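The exercises below are meant to be worked with the sequence and the coordinates open side by side. Each task is followed by a solution that proceeds step by step.

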Amino acid sequence: MFETKSLMVLIPALPLAAAIIVGLLGRRWLKEYSHVPVVLALAGSCVFSLLLLKDISNREPDAKQVGVEVTHTLWTWAAIPAAGVTTPQIKATPNFQIDITLRADPLTCMMLPMVTFIATLVAIYAMGYMHGDPGYWRFYAYVGLFVFSMTMLVSVSNFALLYVFWEAVGVCSYLLIGFWFEKPEAAAAGKKAFLVNRVGDFGFAFGLFLIWVSFGTLNFHDAGDVQGVLGQTLLANPARYAEIITGSVALAIPLLLMVGACGKSAQFPLHVWLPDAMEGPTPVSALIHAATMVTAGVYMVTRCSPLFMLDPRAQLVVACIGGFTALLAGLIALTQTDLKRVLAYSTVSQLGYMFLALGTGSLAGIVAGMFHLFTHAFFKALLFLGAGSVMHGMHHIIDMRRFSGLRRVMPWTCLTFLIGSLALAGIVPLAGFWSKDQVLAAVHDRAHDGGPFVYLYYSAVLTAFLTAFYTARAFFMTFMGPLVVPHEVGDHAHESPPAMVFPLVVLAICSIFVGITFDHSLGDFIVRTPSLACTLVAGEHGLEHHFHWDIAAISTVVAVLGIAIAAYFYLGDRRQINALTRIMQGVRLYGLSNRKFFFDEIYHVLFVLPLKGLAALSYLIDRWLVDGLVNLCGWIPRAVGAVLRNIQTGVVQFYALAMVLGLALLIGTLLVWKVG
Amino acid sequence: MLEVQLLYNYLVIGALLFGIGLVGLLSRRNMLIMFLAAEMMLQGVSLSLVAFGRFHNDWGGTTLVILILTVAACEAAILLALVQCLFHRTGNLDIAVWHDLRDANQPKFIDQEVPGDDAAKPEWPTLTPAGIEPEVDADEALEHRIHV
């Protein structure tokens, strides 16, 4: 019915059109109907994404092609002839040309339906959650803009455009975190997210510069005689990579790209912004800060996996960052009392899992990372929307110590949250079990060789235990026990409206089935992505499916153990946990976790204070030195005027005398000059 | 040498005229006197020009002088009209009355005040009134000015 190329254009174009319509008309005319264009556009995008997915999955790579890809060039954005450098690898001076090119390959086609599907559900959910907010139209305009940026981010076929939309999702994230900008915490959180992301983008930009000087192009695909960075020519002949980028550049490019991914995907040491981003409206937390935008880093690393394959040290760095972040965030999540913060740290932890999988440097690992990204998007969106439902019922109170036993007043929320929690904890047969199993298996395979991966494997297992524990803790504290509601709510505690329950139910069903349904098929599909089909990544054999009984058993045992311990501590009168807390407080471990290992404080002292000092110094220099010079320029004519004013007496004879003297002086000078 | 000697004489006279006029212009405060002094400077210049014309035996100097005379006539007409206007404003020919060109914050600079009218009111001889006193028109009486 639709051509592939028109589908590729329509998917991002619909949300953009909706965003423009709502942005222009929302304030005056659409008002409380602002959701209509956006929800329709997102649903349309979702349908088109599925059609595109069907189209791409029906294509078979021909013998000459590596993987399946379709590119569609719309127009040329920038074309500067002979702008590049000449290096031994690039003989002719390349043109700097950025074509607006969309691509469709299995990786893109996996991301697009996921993003648009969850965005549609979140948009429906927000009809209930944001109802009556004065910024209703603004919210939907931002959401439309965000989905446009995110679909473009996964569709573009050029590093420069990837960077543009990388920034665009960052801007949308900033706007939505600071959506309630009258609230100082929200404004500060938006600023923090934006600034921390700048650090990551700085590294990303440097990575792009290095790619440009090494490859002489920023394209992914081949265009004419320009061989794209991830184009068919290079992927078909991966040995060329080692010729083009050698030595430290081969290490620097992936590491710099990883810095960018760390910023966007909230990995240590740039993870500090994500928990603060929970100041935004909860649908935003679900959509942007759990399911889609934060996975952009994972997507980018996967897309560039041929570059990461060149140096094992780069893979090790990725794996270590991922493993360490996963453990760190898991430890922090243990003691948080804010339901959304628990989920936020859980997101950081799960993103760490994905990077750990990508860092194994095997095709199975990369596929596991992407699979975990895919399943995580569903159950984390579900958990966040569930938390939003709790907030909605509790009048925006989210401190878990202030309510409990909500299963009696919010049965649907409780049930769906339970499914999400079990999926996150990795209980068979829910979604999280299958993807976590793949991740652990991939790490375990690398651990056979010994080295750091042994420690990473055990840390990943420990993280799985922590995940089960804190998820169960959050569930028990919120929904189990005697019914307690904050006194602000009184007896108005109620289940959320159908617009909010419906997405919860859909996502809960997805959380149950996406794992078992796509366990093998997702991997088989995305390995046909050119970047992954290249022999550098895929090796000789391609992807092999093994079900690791031992690892599945270990992860199930750990998850059940975590849940059981949480049940022991948090069901009943909680005497034991209070005693344990006091012990932990005694050895200072509790505060360490509760205060997030003091990262905010450390960064405050190390970076914020020196920068504030510099700002104060700059202010003083500007105020006194620069302003002083400017004022001096103004003061000189005034001073001269003050002196000369005294001879403006208005006495006519004085003027005449001055004329005579002046003339005499002139004539005298002339005489001396000519004669003397 | 006679020609040069003659030129020198004329030039000396011209310079003297110019100098006297300059000193008069700078030192006097009566506007009419200052005008006369300025005319005198013009005549000094004109004399020099005529002498040069005679010396070089051409019409250039003379032509210029005719021009100067014409301009001076026009200038005199305008200047007298202006002086008339100023006088009508204050009833005073003293140039020091006008200080309006000075800066707003500057004090008035007058080295010496002009003696007022009442300082030297002359005693005119009078006749004994006789006959009927003529009717004085009220408007005309108001228009009567003490200085003329």
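**Exercise 1: the largest pocket**

The largest pocket has a volume of about 830 Å³, a value that belongs, like every other value here, to a predicted model. Task: establish which residues and elements line the largest pocket, and how its lining divides by class.

Solution. Begin with the lining itself, which comprises 22 residues, and note that A:Lys192, A:Leu195, A:Val196, A:Tyr603 and A:Val608 are those lying nearest the centre of the pocket. Next, assign the lining to secondary structure: the elements that contribute two or more residues are helix H6 (184-215) and helix H27 (599-644) of chain A. H6(A) makes the largest contribution, with 9 residues. Finally, sort the lining by class, which yields 12 nonpolar, 1 polar and 9 charged residues.

**Exercise 2: the cavities**

Task: count the cavities of 30 Å³ or more, and then describe what surrounds the largest cavity.

Solution. The count comes to 5 cavities of 30 Å³ or more, and the largest cavity holds about 70 Å³ of space. Its lining is formed by A:Val301, A:Ser305, A:Phe308, A:Met309, A:Gln315, A:Val318, A:Leu358, A:Gly359, A:Gly361 and A:Ile366. At least two lining residues come from each of helix H13 (305-308), helix H14 (312-333) and helix H15 (339-359) of chain A. Sorting by class then gives 6 nonpolar and 4 polar residues, with no charged residue in the lining of the largest cavity.

**Exercise 3: the interface between the chains**

Task: characterise the interface of chain B with chain A by its contacts, its buried area and its polar pairs.

Solution. The first step is the contact list, in which 15 residues of chain B meet 12 residues of chain A. The second step is the area buried between the two chains, about 1100 Å², with 65% of it given by carbon and sulfur atoms. Of the area that chain B buries against chain A, B:Leu26, B:Leu101 and B:Gln106 supply 43%, more than any other three residues. The third step is to look for specific pairs: the count between chain B and chain A is 0 salt bridges, while 1 residue pair is in polar contact, with both residues at pLDDT 80 or more. For the side of chain B that touches chain A, the largest share, 3 residues, comes from helix H1 (residues 2-27) of chain B. By class, that side of chain B has 8 nonpolar, 3 polar and 4 charged residues.

**Exercise 4: backbone geometry**

Task: locate the cis peptide bond from A:Phe268 to A:Pro269 and the positive phi of A:His396 in their loops.

Solution. As background, most residues other than glycine have a negative phi, and most peptide bonds are trans. The bond from A:Phe268 to A:Pro269 is cis, with omega near 5°, and A:Pro269 sits in the loop between helix H9 (247-264) and helix H10 (273-276) of chain A. A:His396, although not a glycine, has a positive phi of about 65°, and A:His396 falls in the loop between helix H16 (363-393) and helix H17 (411-425) of chain A.

Methods
Residues are numbered from 1 along each chain as its sequence is written. Chains are lettered from A and ligands numbered from 1 in the order in which they are written. This is a predicted model: local features need pLDDT of at least 70, side-chain atom pairs count only at pLDDT 80 or more; totals for chains, interfaces and linings use all residues. Side-chain values use heavy atoms; hydrogens and water are left out. Contact means heavy atoms within 4.5 Å. Buried area is the accessible area (1.4 Å probe) that two parts lose on being put together, summed over both. A salt bridge is a side-chain nitrogen of Lys or Arg within 4 Å of a carboxyl oxygen of Asp or Glu. A polar contact is a pair of N or O atoms within 3.5 Å; within protein, one must be able to donate a hydrogen and the other to accept it, and residues adjacent in sequence count only if both atoms are side-chain atoms. Helices (H or I, at least four residues) and strands (E, at least two) are DSSP runs, numbered from the N terminus. Ala, Val, Leu, Ile, Met, Phe, Trp, Tyr, Cys and Pro count as nonpolar, Asp, Glu, Lys and Arg as charged, and the others, Gly among them, as polar. On a 1 Å grid over the protein atoms alone, a cavity is a set of points where a 1.4 Å probe fits but cannot get out, and a pocket is an open set with protein on both sides within 12 Å along at least five of seven lines; lining residues have an atom within 4 Å of a point. Grid points are joined across faces, edges and corners, and a volume is the space filled by probe spheres set on the points.
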